[in-house]
Amino acid sequence: MTGPDVRAAVGSLGIRNPLLLASGILGESSGSLIRVYKSGAGGVVTKSIGIDPRAGYKNPTVFEFDSGMLNAMGLPNPGIGHFGEVVARTKAAGVLTIASVFGANEEQFSSLAARMQEYGADAVELNLSCPHVEGYGAEIGSTPEMVSSIVRSVRSSVRIPVWAKMTPNVADVAALAKSAEDAGADAIVAINTVKGMAISARLRMPVLSNSVGGLSGKAVKYVGLRSVYEICGRCTIPVVGVGGIYSGEDVAEYIMAGASAVQVGTAVSEGGPGVFSRIADELSRFMENEGFSSIGEMIGIARR
Ligand code: SIN
């Protein structure tokens, strides 16, 4: 007897299972991206890449605790000029590759997306949501007007699918997502990290060098689910859920909220790439036990 069909799709992009590597974890070299794919991910999202090389913030950049982690890396990356090889090698190994980019304005986003397309990326993910870097991410991705003009500009610059990654740190994430959809986005990714901070009482100072960072892991799953649920109520394009996914049942919850696929980040940083095959097995078992024969049957069924 064959098991349930766990193949997924985000618009025109077919995926062997709904589990993608989230941006920012193991996403800087082709070696690690390929390893993640071989460990069972359906595809990978690269680290966010900008126009120029950036060193990022000084340490400490990560604070781990029981139910997740806070990070403020400061968008460190080698710059687009050095990243072609990473995308090309990853693609040559047969890996579904989504390239994450961040820019300061429409021109930078469009030029980065076009370069990623040239390198062979299957889709581009716009980081409109990093919560703690001046002039980038959520600073320019928190108003529908800015989201709209960036997405519109990128959409007219590339043929590959354009995914817009949303910040949850706004009053109405669905309105932001709708502005991306209206501007031509092919999918919404929700959510990036939740803005937070940690204080050391002993040292009497913030833990992270940047003071403020982004919260991820188990602590944010319910913010992610709520965001996906709200976005799916307003948008018709596919949604990729992110936030606190550690088990097959977590994946099912996101899909039932309306997501077509999910991204896993903090669970990989805690448990290594092997989490993908475990989560995929758990999802398959869950579907079998609950009588689902395909991912499509589960999408949005928790919606009222
Ligand atoms: C970082 O580089 O600090 C995190 C990137 C992000 O949150 O999008």
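Where does Gly137 lie? Before we work that out, some ground rules: this is a predicted model, where local features need pLDDT of at least 70, side-chain atom pairs count only at pLDDT 80 or more, and totals for chains, interfaces and linings use all residues. Residues are numbered from 1 along each chain as its sequence is written, and side-chain values use heavy atoms, with hydrogens and water left out.

**Exercise 1. Place Gly137 and describe its surroundings.**

Step 1. Gly137 sits in the loop between strand S8 (123-127) and helix H4 (138-141). Helices (H or I, at least four residues) and strands (E, at least two) are DSSP runs, numbered from the N terminus.

Step 2. Gly137 has 0% relative accessibility, so it counts as buried. The cut-offs are under 20% relative accessible area for buried, over 50% for exposed, and partly exposed in between (1.4 Å probe, protein chains only).

Step 3. Now look for contacts, meaning heavy atoms within 4.5 Å. Setting aside neighbours within four places in sequence, Gly137 touches Asn127, Leu128, Ser129 and Cys130. The C-alpha atoms of Gly137 and Asn127 are 5.7 Å apart, with their positions 10 residues apart along the chain.

Step 4. Check one of those partners: Cys130 is buried too, because its relative accessibility is 7%.

**Exercise 2. Count the disulfides, then look at Cys232.**

Step 1. The test is a pair of cysteine sulfur atoms within 2.5 Å. Run it and you get zero disulfides.

Step 2. For Cys232, the closest cysteine sulfur belongs to Cys235 and is 7.7 Å away, so that's too far for a bond.

Step 3. Cys232 is buried, at 17% relative accessible area.

**Exercise 3. Work out how H7 and H8 pack.**

Step 1. Take the axes of helix H7 (residues 221-234) and helix H8 (residues 248-257): they come within 8 Å and cross at roughly 25°. Axes here are lines fitted to C-alpha atoms, for helices over the stretch in contact, and angles run from 0 to 180 degrees between N-to-C directions.

Step 2. Name the arrangement: H7 and H8 are therefore roughly parallel. Angles under 35 degrees get that label, over 145 is roughly antiparallel, 65 to 115 roughly perpendicular, and the rest oblique.

Step 3. List who meets whom. Lys221, Gly224, Leu225, Val228, Tyr229 and Cys232 come from H7, and they meet Asp250, Glu253, Tyr254 and Ala257 of H8.

**Exercise 4. Why does H8 count as largely enclosed?**

Step 1. Eight of its 10 residues are buried, so the rest of the structure largely encloses H8. Among them are Val251, Ile255 and Met256.

Step 2. Find the cover: it includes strand S3 (19-21), H7, strand S15 (239-242), strand S16 (261-264) and helix H10 (275-290).

Step 3. Look just past the helix: Gly258 follows H8 and has a positive phi, near 130°.

**Exercise 5. Trace the sheet that contains S5.**

Step 1. Four strands make an open sheet, in the order S5-S6-S14-S11, with antiparallel pairing. To pair, two strands need at least two bridges between them according to DSSP.

Step 2. Spot the edges: strand S5 (62-65) and strand S11 (194-197) each pair on one side only. From one strand to the next, the twist averages 35°.

Step 3. Zoom in on S5 and strand S6 (residues 68-71), which pair antiparallel over four bridges. Glu64 has Met69 in S6 as its bridge partner.
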